[in-house]
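Got the viewer open? Keep the selection tool handy, and we'll walk from stop to stop together.

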Amino acid sequence: MPPQLHACHRTGSCCRGRGSCTLTPADTARIADHLELSVFDFRLRYTHASPRGPVLKIRGGYRGDGSCVFLTEEGSCEIQPVKPQQCTDYPLWERLAEDCDAFEHARSECGMLRHLSHAEFQQIYAASQDRTR
Ligand code: SF4
Ligand code: SF4
């Protein structure tokens with residue numbers, strides 16, 4: 001039996017203190033539309049600029065706990081149906097397949113990964129990429 005991800009435990013850990021969530025232009029348009037905001041107003045209210053493009057704000061700014069602005073107190077996502085591609089893809093991120101330290105950090109917080117070695121995760125990631133080709 002090939003290694004598999006476990007089901008998501010819906011802890012919201014991946015939405016806290018894990019760096020920034022970068023939006024693609026399609027993410028921005030989809031989320032703005034869902035919130036019935038213009039792209040300009042959405043970006044002003046919920047994002048800030050970064051060298052990689054707009055990123056979602058975090059609650060309480062840099063003095064807060066690092067939670068994404070759309071993470072609810074119950075640990076769910078307020079924009080679940082239209083959440084950014086980066087969030088949809090997690091934990092199947094290229095960075096976690098390439099960087100063992102990053103994988104180990106993610107594994108310590110994520111129930112989908114906790115049972116996997118890095119090599120097993122790399123197999124799962126490679127298979128997921130094959131399926132999308
Ligand atoms: S957009 Fe939703 S899924 Fe993505 S980091 Fe924010 S709360 Fe989490
Ligand atoms: S950290 Fe892992 S188990 Fe927890 S919500 Fe994120 S993807 Fe799901």
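Here is a tour of the domains, the cores, a helix, the ligands and a few backbone oddities.

**Before you click**

This is a predicted model, in which local features need pLDDT of at least 70 and side-chain atom pairs count only at pLDDT 80 or more, while totals for chains, interfaces and linings use all residues. Residues are numbered from 1 along each chain as its sequence is written, with chains lettered from A and ligands numbered from 1 in the order in which they are written.

**Stop 1: the two domains**

Color 13–83 as domain 1 and 91–133 as domain 2; bounds like these come from an automatic or database domain assignment. Their C-alpha centres are 23 Å apart.

**Stop 2: the cores**

Now select Cys-21, Phe-42, Val-55, Leu-56, Cys-68, Phe-70 and Leu-71. Within the largest nonpolar core, which has 13 residues, these touch the most other members. A nonpolar core here means a set of buried Ala, Val, Leu, Ile, Met, Phe, Trp, Tyr and Cys residues joined through C-beta atoms within 7 Å. Buried means that 20 or more other C-beta atoms lie within 10 Å of a residue's own, exposed means 12 or fewer, and partly exposed is in between, with C-beta atoms placed from the backbone. The elements giving two or more residues to this core are α1 (25–34), α2 (39–46) and β2 (55–56). Those labels are DSSP runs numbered from the N terminus: helices are H or I with at least four residues, strands are E with at least two.

There's a second, separate core of nine residues, including Phe-103, Ala-106, Leu-113 and Leu-116. In soluble globular proteins, nonpolar side chains tend to be buried together.

Zoom in on Leu-56, in strand β2. Why does Leu-56 count as buried? Because 23 other C-beta atoms lie within 10 Å. Contact means that the C-beta atoms of two residues, placed from the backbone, lie within 7 Å. Leaving aside neighbours within four places in sequence, Leu-56 is in contact with Cys-21, Leu-23, Tyr-46, Thr-47, Cys-68, Val-69 and Phe-70. Do the same for Leu-71, again leaving aside neighbours within four places, and you'll get Gly-12, Cys-15, Arg-16 and Cys-77.

**Stop 3: helix α1**

Select Asp-27, Ile-31 and Ala-32, which are buried in α1. Look down the helix axis: the buried residues fall within an arc of 120°, so they line one face of the helix. (The arc is that of the directions from the helix axis to the C-beta atoms.) Swing to the other side, where Pro-25 and Ala-26 are exposed. Then show α2 and α3 (85–89), which are among what covers the buried residues of α1.

Arg-30 is also found in α1. It is partly exposed, with 18 other C-beta atoms within 10 Å. Draw a C-alpha to C-alpha distance from Arg-30 to His-115 and you'll get 34 Å, for a pair 85 residues apart in sequence.

**Stop 4: the ligands**

Which residues are around ligand 1? Select Cys-15, Cys-21, Leu-56, Cys-68, Phe-70, Leu-71, Cys-77, Ile-79, Lys-83, Pro-84 and Cys-87. A residue counts as near a molecule if its C-beta atom, placed from the backbone, lies within 6 Å of it. By class, this shell has ten nonpolar, no polar and one charged residues. Ala, Val, Leu, Ile, Met, Phe, Trp, Tyr, Cys and Pro count as nonpolar, Asp, Glu, Lys and Arg as charged, and the others, Gly among them, as polar.

Move on to ligand 2, surrounded by 13 residues, the closest being Cys-8, Thr-11, Ser-13, Cys-14 and Cys-110. This shell divides into six nonpolar, five polar and two charged residues.

**Stop 5: backbone oddities**

Most residues other than glycine have a negative phi, and most peptide bonds are trans. Go to Arg-10, in the segment before α1: its phi is positive, about 55°, although it is not a glycine. Glu-36, in the loop between α1 and α2, also has a positive phi of about 55°. Glu-36 is exposed, with 8 other C-beta atoms within 10 Å.

Next, find the cis peptide bond joining Tyr-90 and Pro-91, with omega about 5°. Pro-91 lies in the loop between α3 and α4 (94–98).

**Last stop**

Finish at Ala-7, in the segment before α1. Its C-alpha atom and that of Met-112 are separated by 5.7 Å, although the two residues are 105 apart along the chain.
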